[in-house]
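Me: Please take one part of this model and go through it closely. What surrounds it, and which side chains hold the detail?

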Amino acid sequence: MKGSAFSSSRKIWISCMKALMYLCSGLTGALVLFLMGYVLIKGIPNISWELLSTAPSYLSDRIGILPDLMNTLYIVLATIVIVLPLGVGAAIYLTEYAKNKKLVAVMEYAAETLSGIPSIIYGLVGMLVLVPGIRKLFGVPDGASLLAAIIVLAIMILPSIIKVSVTALEAVPKEYEDASLALGATPVETYLRVSVPAAKSGIAA
């Protein structure tokens with residue numbers, strides 16, 4: 001009797017928890033859809049070429065987002081230029097050159113730690129530390145925020161670039177490198193002309 005009663009109460013508890021989970025998931029999804037729909041309905045009619053191609057001006061009562069778009073483009077391009085060589089170079093070092101297992105473990109732990117930090121923390125560090133430091137060090141009050149954003153974004157995505165590059169390089173068949181070395185190529189030439197090109201699709205992802 002006790003066993004059957006316990007089993008029935010357990011089933012009721014599981015059913016209630018499932019119903020609560022579905023309810024919370026449904027409410028969250030509905031809220032997200034509502035916010036997306038509200039933004040699209042209110043925003044799409046106000047999109048115009050003037051909005052996209054001009055700068056904001058209080059004198060002419062004009063609202064433009066061109067500087068924001070250009071700053072985003074500058075930040076993304078500069079970050080890619082900085083992070084891609086560093087990330088791929090670190091991945092090549094970890095997969096081909098690093099012999100000290102403790103050093104590799106420390107680097108992997110550091111990358112995992114950096115990738116687990118919330119983006120809001122990066123933003124606060126950039127705003128409170130990097131921006132004042134750059135202004136004081138270089139004397140560039142107008143470009144300090146842009147440079148700080150590039151540095152912060154580079155630090156944020158560097159662990160992801162390293163992990164993806166390491167996975168892509170490890171997927172390259174060892175026979176490719178052996179054949180290149182057998183033909184007289186140096187290890188550096190092998191990595192740059194054989195390993196990296198063979199893994200470029202995975203790195204580009």
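Reply: Contact here means heavy atoms within 4.5 Å. This is a predicted model, where local features need pLDDT of at least 70 and side-chain atom pairs count only at pLDDT 80 or more, while totals for chains, interfaces and linings use all residues. Residues are numbered from 1 along each chain as its sequence is written, and side-chain values use heavy atoms, with hydrogens and water left out.

The part to look at is helix H8, residues 187-198. (Helices are DSSP runs, H or I, of at least four residues, numbered from the N terminus.) Four residues of H8 are named as buried: Thr190, Tyr191, Ser195 and Val196. (Buried is under 20% relative accessible area, exposed over 50%, partly exposed in between; 1.4 Å probe, protein chains only.) Viewed down the axis of H8, the buried residues fall within an arc of 140 degrees, so they line one face of the helix. (The arc is taken from the directions between axis and C-beta atoms.) Leu192 and Arg193 are exposed on the other side of H8.

What covers that buried set? The cover includes H3, H6, helix H7 (174-182) and helix H9 (200-204).

Start with serine 195. It sits in H8. Its relative accessibility is 2%, which means that serine 195 counts as buried. Outside its sequence neighbours up to four places away, serine 195 touches Leu169, Val172, Glu177 and Thr190. One of these, glutamate 177, also pairs with serine 195 through a side-chain polar contact of 2.9 Å. (A polar contact is a pair of N or O atoms within 3.5 Å; within protein, one must be able to donate a hydrogen and the other to accept it, and residues adjacent in sequence count only if both atoms are side-chain atoms.)

Threonine 190 brings in H7. Its side chain makes a polar contact of 3.0 Å with the side chain of serine 180. Serine 180 belongs to H7. With a relative accessible area of 10%, serine 180 is buried. Setting aside residues up to four places away in sequence, serine 180 touches Ala185, Thr190 and Val194.

Now proline 187, also in H8. Its relative accessible area is 41%, and proline 187 is therefore partly exposed. Beyond four places in sequence, proline 187 is in contact with Tyr97 and Leu181. A long-range reference: proline 187 and isoleucine 14 lie 173 residues apart in sequence, with 59 Å from C-alpha to C-alpha.

Next, the pair of covering helices H3 (residues 66-97) and H6 (residues 144-170). Their axes come within 7 Å and cross at roughly 40 degrees. (Axes are lines fitted to C-alpha atoms over the stretch in contact; angles run from 0 to 180 degrees between N-to-C directions.) By class, the contact of H3 with H6 has 21 nonpolar, five polar and one charged residues. (Ala, Val, Leu, Ile, Met, Phe, Trp, Tyr, Cys and Pro count as nonpolar, Asp, Glu, Lys and Arg as charged, the others, Gly among them, as polar.)

Valine 88 gives a view from H3, where it lies. Valine 88 is buried, with a relative accessible area of 14%. Apart from neighbours within four places in sequence, valine 88 is in contact with Ile161, Ser165 and Ile203. Ile161 and Ser165 fall inside the span of H6, residues 144-170. Ile203 falls inside that of H9, 200-204. In sequence, valine 88 and aspartate 61 are 27 residues apart; their C-alpha atoms are 47 Å apart in space.

To recap H8: its buried residues line one face, and Leu192 and Arg193 are exposed on the other side.

How values were computed
Helices (H or I, at least four residues) and strands (E, at least two) are DSSP runs, numbered from the N terminus.
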